[in-house]
Amino acid sequence: MSVVTQQKDGYVLTLHIQPNATKTEIIGLHGDALKIRLKAPPVDGKANEALCAFLAEIFAVRRHSVVLLSGESNRQKRILIKQATTLPFSIIKILQGVHQ
């Protein structure tokens, strides 16, 4: 499975989530996934909501364009970012570091 897959309607991201962090940020790779630290706790869907809001912000899309495909109660998640035309620089930078 690829970290980022471009599809006709956007991008699918494979993620590894670390909830209860001191701040929300993308920190690099974790195996075949982007690792994201979330400030939100993994309680009552708060971490999933915080993740979707964070991704909507960095991809500059509306919140409803971020869809959780799998991993609702798991640290491993697949997310569809609909209507995204390009990857955020922070993700490009991480992916380029893998190939250098």
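Lys-77 is found in strand S6, which covers residues 76-82, and it serves here as the starting point for a short tour of a predicted model. The side chain of Lys-77 is buried yet takes part in no salt bridge, and the points below set out what surrounds this residue before turning to Ser-65, to Ile-91 and to the pairing of two strands.

**Lys-77 and its surroundings**

- Although Lys-77 is buried, the nearest side chain of opposite charge, that of Glu-72, is 8.2 Å away, and a salt bridge requires a side-chain nitrogen of Lys or Arg to be within 4 Å of a carboxyl oxygen of Asp or Glu.
- A polar atom of the Lys-77 side chain lies 2.5 Å from the backbone oxygen of Gly-71, and the side chain of Lys-77 also reaches the backbone oxygen of Glu-72, at 3.4 Å.
- When neighbours within four places in sequence are left aside, the residues in contact with Lys-77 include Leu-13, Thr-14, Leu-15 and Ile-17, and also Asn-48, Leu-51, Leu-68 and Ser-70.
- Gly-71 and Glu-72, whose backbone oxygens were described above, are likewise among the contacts of Lys-77.

**Ser-65 in a loop**

- Ser-65 is placed in the loop that runs between helix H1, residues 46-59, and strand S5, residues 66-70.
- Ser-65 counts as buried because its relative accessible area is 1%, where buried means a value under 20%.
- The side chain of Ser-65 is joined to the side chain of Gln-83 by a polar contact of 3.1 Å.
- Not counting residues up to four places away in sequence, Ser-65 touches Leu-80, Ile-81 and Lys-82 as well as Gln-83.

**Ile-91 in helix H2**

- Ile-91 belongs to helix H2, which is made up of residues 89-99, and this residue is buried, with a relative accessible area of 0%.
- Once neighbours within four places in sequence are set aside, Ile-91 is in contact with Val-4, Ile-26, Leu-34, Ile-58 and Phe-59.
- Ile-91 and Leu-29 are 62 residues apart along the chain, and their C-alpha atoms are separated by 9.9 Å.

**Strands S1 and S2**

- Strand S1, residues 4-7, pairs with strand S2, residues 10-18, in the antiparallel sense, and four bridges connect the two.
- These two strands, S1 and S2, form a hairpin in which two residues lie between them.
- Val-4 has Leu-13 in S2 as its bridge partner; Val-4 is also one of the residues in contact with Ile-91, while Leu-13 is among those in contact with Lys-77.

Key: Residues numbered from 1 in each chain as written. Predicted model: local features only at pLDDT ≥ 70, side-chain atom pairs only at ≥ 80, totals over all residues. Heavy atoms only, no water. Buried < 20%, exposed > 50% of the residue type's maximum accessible area, 1.4 Å probe, protein only. Polar contact = N/O pair within 3.5 Å; in protein donor to acceptor, adjacent residues only side chain to side chain. Contact = heavy atoms within 4.5 Å. Lys, Arg positive; Asp, Glu negative; His and termini not counted. Pairing = 2+ DSSP bridges.
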